[in-house]
Amino acid sequence: MTPSVSNTRDLTLLLGDSASDLVSTVVAATTDGVADSVRATSVTVRPSGDTVVRYAVAVRRRDSTTVPETLVAATGSLVPEGAAVVAGELGGESVEVGLWRWPHDPALPALARAVDGDRLREVLAHAGVDVPSPPTVTVRAYRPGRRAVLAITTGATRWFAKVVPPRELADLRRRHDLLAPCLPVPPLTATTDDGLALMPALPGTSGRTALREGLPVPDAATLENLLDRLPAELRALGRAPDHRRRAQHYAAVLALTAGDDGLRAVELAERIAEAEVGDHPVVAVHGDFYEHQLLLDDGAVTGLLDVDTAGPGRRLDDWATLLAHLAITDTAPARRWAAHVLDHVRHRFDPAHLRPRVAAAVLGLATGPFRTQRRDWRERTHRRVALAEQWLTDS
């Protein structure tokens, strides 16, 4: 599958020379300064070519001071309702581009209030949290148009807030309400109609940090027990994902962004689609199960995070996601943990059914270096596509 000109048009517009002109025009129209520099910091691409780009912009004011700004530009289906729409031009062809400034994301109406300490204080007070002074808010993650995660400190107490599109809030609350009574999942302390969900911080160290620092991690039996405790009611929430369709999606994105490695990814996705998958029952799954979703204390699991994707699926896919993340981490502690997990899984599932699932998950992770605009994204993408191929072919 070779990307067409129409599929790559929006990507070229938002990352090419015209991007600076587009962002500079918005800065001049909405601030009292001019854009000194414009740098893309994250890029999301759909197989259709629809693109959203987050930019870090240095704005020079009239008094010659420079302040950082975050701007977002999106095209096609990724333009949320309420975004300011302007016409960009590429090769004489007009392209409509939706634009907004942080934190005024039109898909996340609660975001501007959530990052404002004084306004957030009102939300906390409504939840029964007495805050004598405005809380400190730190942005942990921001995916334009999709979600934001904020760390909140009020004295000695820590909270987290997740900001989602309002239409997703009911499902998020339902998942937390199902999971919190039986697993170390934080309960939702409060929600607001515009998409803000407040929850207490849980104790423990991130599994990713534990790996980096060589701290104890849970054995596979502990992880299996954790997954087995997922309530069966989750099976009613949505459809079970198919790793073959996901592989095709990731490969199509890589075909738009990664040159020859993208074409290799398309061939791999075709092989994944033809591989034996086995007959595995639909059970309750986490949906994005890997080390960074775990909080740990001396190897014990004290927190299970990001349950937005919890729902119906196949247990083998949760294991495949964890193995894929450990594979790309490729440190000695990660390799040891992966070998232990793999030995556990091989005694319960046919390895022939596992390999294409891990390969599909690695293909998904191969889109990450470009999405986060790492300077070495080409080399990292190449290694991850090769790793996906290795998982698919190794016996």
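Let's start at Y142, which is buried, with a relative accessible area of 7%. Keep in mind as you look around that this is a predicted model. Y142 belongs to strand β6, residues 136–143, and its ring has a partner: the centres of the W102 and Y142 rings sit 4.8 Å apart with the planes at 70 degrees, so this is an edge-to-face pair. W102 itself comes from the loop between β5 (93–101) and α3 (111–114), so the pairing ties together parts that are 40 residues apart in sequence. Unlike buried Y142, W102 is partly exposed, at a relative accessible area of 23%. That value falls in the partly exposed class because buried means under 20% and exposed means over 50%.

How many aromatic pairs does a search of the whole structure find? It turns up two. The other one brings F370 and W377 together: their ring centres are 4.9 Å apart and their planes meet at 75 degrees, so this pair is edge-to-face as well. Here F370 is buried, and W377 is too.

Now go over to E69, in strand β3, which covers residues 66–74. Is E69 buried or exposed? With a relative accessibility of 16%, E69 counts as buried. So what does its side chain meet there? A polar contact of 2.7 Å links it to the side chain of R101. R101 also turns up among the residues E69 touches once you leave out those up to four places away in sequence; the others are T31, Y55, A56, V57 and V59.

For the last stop, take a look at some strand pairing further along the chain. Strand β13 (residues 294–297) runs antiparallel to β11 (residues 205–206), and two bridges join them. If you want a residue to anchor your view, pick T205, whose bridge partner in β13 is L296. β13 also pairs with strand β14 (residues 300–304), again in the antiparallel sense, this time over four bridges. Where these two strands come together, D297 stands opposite A300 of β14. Which turn residue of the β13 and β14 hairpin has a positive phi? Two residues lie between the strands, and it's D298 in that turn, with a phi of about 55 degrees. Follow the chain through β13, then, and you pass L296, the partner of T205, then D297 across from A300, and then D298 in the turn.

Methods: Residues numbered from 1 in each chain as written. Predicted model: local features only at pLDDT ≥ 70, side-chain atom pairs only at ≥ 80, totals over all residues. Heavy atoms only, no water. Pairing = 2+ DSSP bridges. Buried < 20%, exposed > 50% of the residue type's maximum accessible area, 1.4 Å probe, protein only. Polar contact = N/O pair within 3.5 Å; in protein donor to acceptor, adjacent residues only side chain to side chain. Contact = heavy atoms within 4.5 Å. Phe/Tyr/Trp six-rings, centres within 6.5 Å; stacked < 30°, edge-to-face > 60°.
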